[in-house]
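Colleague: I would like a close look at a single part of this model, the second largest pocket. Please say what lines the pocket, and then place it in the rest of the chain.

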Amino acid sequence: MSSLSIGPFTWLLAFSPILVSVALMVGARWSGAKAGWVGWCLALGVAAFAFGGGTRLLWYSQLKGLLLTFFVLYIVWFALALFHVVDEAGALQVISVGVARLTADRTMQLLILSWVFASFLQGVTGFGVPVAVVAPLLVGLGFPAMTGVVAASIGHAWAITFGSIASSFYALMAITGMDGFTLAPWTTFLLGVACFFSGLVPAYLYRGWASLRHSLPAVLAIGSVMAVVQYGMATHGLWNLASFIAGLTGLAVAAALTRLPMYRGAAGEQLANRRHLDSPIRMSVPAALSAYLILLLVVVAAQLVPPFPHLLNRIKIVMHFPETRTTLGWVNPAGTGRTISVFGHAGALIFYTCVISYLVYRRLGCYAPGAPGRIVRRTARGAWKSSLAILFLVGMAMAMSDSGMTYVLALGMSRVVGRALPFLAPFIGALGGFVTGTNTNSNVVFAPLQQRTAEVIGYNPLIILAAQNVGGAIGSVISPAKVIVGCSTVGLVGREGRVMRLNLLYGALILGFMGLLTTALLVFV
């Protein structure tokens with residue numbers, strides 16, 4: 001960019017697509033799809049007229065964006081379909097009631113459902129499903145609606161990045177061009193720390209410091225196991241199972257802890273608890289869990305059991321892109337775009353799981369007539385808006401990246417933010433998650449910016465990207481879109497502001513700690 005003078009006006013032009021998108025979503029309350037479309041159009045215009053990006057460069061940038069979009073949406077659509085396959089069978093209600101029956105201790109019930117079970121659900125669903133499922137169950141067990149929504153929101157935040165079959169992490173790999181094995185260690189380390197906060201907040205919400213002290217041993221035990229399991233799974237390449245297996249292991253540890261006298265609950269609690277636990281659906285908990293066990297077997301077989309890895313990955317979508325450059329001297333070297341394994345992609349594995357699980361539940365007699373049509377319709381209704389948002393935001397990010405706009409933003413941030421970047425990195429990620437409602441979109445928009453800025457300043461980009469991931473995850477669960485979903489399921493419509501304030505308070509505390517931790521890591525590591 002030697003021929004381009006990077007002044008305040010140039011920097012503002014480069015920032016304008018992100019700024020306008022954020023302003024429309026927060027200020028004008030536009031959807032991610034509408035605001036993303038405006039940001040995409042603006043990015044193309046600025047790239048063409050202010051940064052010298054010609055038609056050829058922008059054409060190839062959007063082809064790259066389409067590949068990245070398909071890579072992410074392949075997971076998003078079938079992850080949501082799997083949720084509806086399970087939910088239509090009534091299995092989710094059986095699982096929820098089974099979890100609640102483990103103990104009559106009220107604090108442990110809140111922890112198991114809002115933290116551990118919600119994290120387990122996030123591992124295979126996401127998109128607001130954990131809050132929508134867990135909050136009504138907590139209300140049914142006698143917890144205040146406000147407590148249910150806030151606890152479920154914060155409780156699964158740490159599982160966002162590797163939840164939804166790791167769609168956020170796949171987006172991070174795709175948009176930064178970095179390998180998952182390189183990104184996973186620092187990302188899972190910071191998420192592991194965040195895991196403890198996700199448990200401490202629900203514990204505190206019940207009865208303040210008293211319930212926090214009572215549940216602290218359980219939080220430390222369960223949190224340690226879930227953090228270590230997620231770290232081990234992710235660093236060995238099992239990204240799409242990391243959060244799911246961590247949550248499943250956490251449920252096992254929590255079930256064991258409920259056998260301890262201190263976590264069984266008083267006799268009065270046990271008596272009051274029974275009236276909340278009746279389920280009209282006659283299905284065993286193992287049968288209800290069969291879809292998730294099938295997912296586990298499918299993923300393990302596809303990745304680790306010969307000859308499946310070779311067979312499933314034989315057919316790939318590969319596109320080669322030529323070198324492109326702007327009239328101002330920014331060069332994008334020739335290379336391949338995101339490679340997509342047609343039958344071995346995480347989305348394909350979830351599709352196989354959907355088909356097998358549907359057949360199992362149908363064999364068990366769990367479906368009413370018309371179930372396949374309802375599953376397809378609900379999946380389409382739930383995914384199309386988020387799909388459009390991802391499509392436009394990815395296109396915007398690729399136009400900005402290939403025209404040099406992201407580099408200009410990074411260089412400007414390095415001059416303004418400077419050494420404060422480590423502390424601010426989680427907050428930047430949280431801004432993206434808060435505005436768009438997903439960590440996936442936050443990574444798409446802000447990860448390249450944070451990566452470039454870290455490289456310009458001289459910080460380890462892996463730690464900065466890990467902070468971006470944690471921030472995006474926390475921001476996504478406290479976003480207005482998620483709060484509205486949670487409030488609508490427990491009768492808090494019209495009182496979303498109170499929930500938002502609590503979410504922002506606890507979210508800001510966690511982000512502040514993560515910023516301090518990121519700063520310390522870059523100083524001492």
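Modeller: What follows starts with the pocket, moves to one of the helices that line it, and then goes through other parts of the chain.

The model is predicted. The second largest pocket has a volume of about 620 Å³. Its lining is made of 23 residues. Nearest the centre of the pocket lie A174, I175, T176, G177 and M398. Several elements each supply at least two residues of the lining: the helices α3 (55-88), α8 (167-176), α17 (371-402) and α20 (439-457), together with β5 (335-336). By residue type, the lining divides into nine nonpolar, nine polar and five charged residues. A general point about how such spaces are found: rolling a probe the size of a water molecule over the atoms shows where empty space is left.

Helix α20, one of the elements that supply the lining, also holds S442. Is S442 buried or exposed? With a relative accessible area of 0%, S442 is buried, because the limit for buried is under 20%. The side chain of S442 has a partner: it reaches the backbone oxygen of G429 at a distance of 2.8 Å.

Now the wider chain. It has 23 helices and six strands. The radius of gyration is 23 Å, close to the 24 Å that the globule rule gives for 525 residues, so the chain is as compact as a globular protein of that length. Along the principal axes, the C-alpha atoms fill a box of roughly 75 × 50 × 45 Å. Of the 525 residues, 59% count as buried. Contacts can also be sorted by how far apart the partners are in sequence. Among contacts between residues at least 6 apart, 80% join residues at least 24 apart.

Two helices illustrate burial. In α7 (residues 145-155), eleven of the eleven residues are buried. The buried residues of α7 include A145, M146, T147 and G148, and also S153, I154 and G155. Helix α4 (residues 91-100) is mostly covered too, with nine of its ten residues buried. Those nine are A91, L92, V94, I95, S96, V97, G98, V99 and A100.

Single residues show how parts of the chain meet. G123 sits in helix α5 (residues 106-124). At 0% relative accessibility, G123 counts as buried, because buried means under 20%. Which residues does G123 touch, not counting residues up to four places away in sequence? They are F162, G163, S164, I165, S243 and F244. For one of these, G163, the separation along the chain is 40 residues, while the C-alpha atoms of G123 and G163 are separated by 3.9 Å.

Towards the start of the numbering, helix α1 (residues 8-26) contains S16. S16 has a relative accessible area of 14% and is therefore buried. A polar atom of the S16 side chain lies 2.6 Å from the backbone oxygen of L13. Leaving aside neighbours within four places in sequence, S16 is in contact with L42 and V46.

V38 is a residue of helix α2 (residues 32-49). Its relative accessibility is 21%, so V38 counts as partly exposed; the class called partly exposed lies between the limits of 20% and 50%, which is why 21% falls in it. Neighbours within four places aside, V38 is in contact with V20, L24 and W30. V38 and L24 are 14 residues apart along the chain, and their C-alpha atoms are separated by 8.9 Å. A general rule helps when reading any of the helices: an α-helix has 3.6 residues a turn, so residues three or four places apart point the same way.

The last part to visit is helix α14 (residues 290-304), where L304 is placed. L304 counts as exposed because its relative accessibility is 52%, and exposed means over 50%. From C-alpha to C-alpha, L304 and Y407 are 39 Å apart in space, and they are 103 residues apart in sequence. The loop between α14 and α15 (308-312) holds P307. The peptide bond from P306 to P307 is cis, with omega near 0°.

To return to the request: the second largest pocket is lined by 23 residues, and α20, the helix of S442, is among the elements that supply at least two of them.

Note on methods. Residues are numbered from 1 along each chain as its sequence is written. This is a predicted model: local features need pLDDT of at least 70, side-chain atom pairs count only at pLDDT 80 or more; totals for chains, interfaces and linings use all residues. Side-chain values use heavy atoms; hydrogens and water are left out. On a 1 Å grid over the protein atoms alone, a cavity is a set of points where a 1.4 Å probe fits but cannot get out, and a pocket is an open set with protein on both sides within 12 Å along at least five of seven lines; lining residues have an atom within 4 Å of a point. Grid points are joined across faces, edges and corners, and a volume is the space filled by probe spheres set on the points. Helices (H or I, at least four residues) and strands (E, at least two) are DSSP runs, numbered from the N terminus. Ala, Val, Leu, Ile, Met, Phe, Trp, Tyr, Cys and Pro count as nonpolar, Asp, Glu, Lys and Arg as charged, and the others, Gly among them, as polar. Buried means under 20% relative accessible area, exposed over 50%, partly exposed in between (1.4 Å probe, protein chains only). A polar contact is a pair of N or O atoms within 3.5 Å; within protein, one must be able to donate a hydrogen and the other to accept it, and residues adjacent in sequence count only if both atoms are side-chain atoms. The radius of gyration is taken over C-alpha atoms; the globule rule is 2.2 Å times the number of residues to the power 0.38. Contact means heavy atoms within 4.5 Å.
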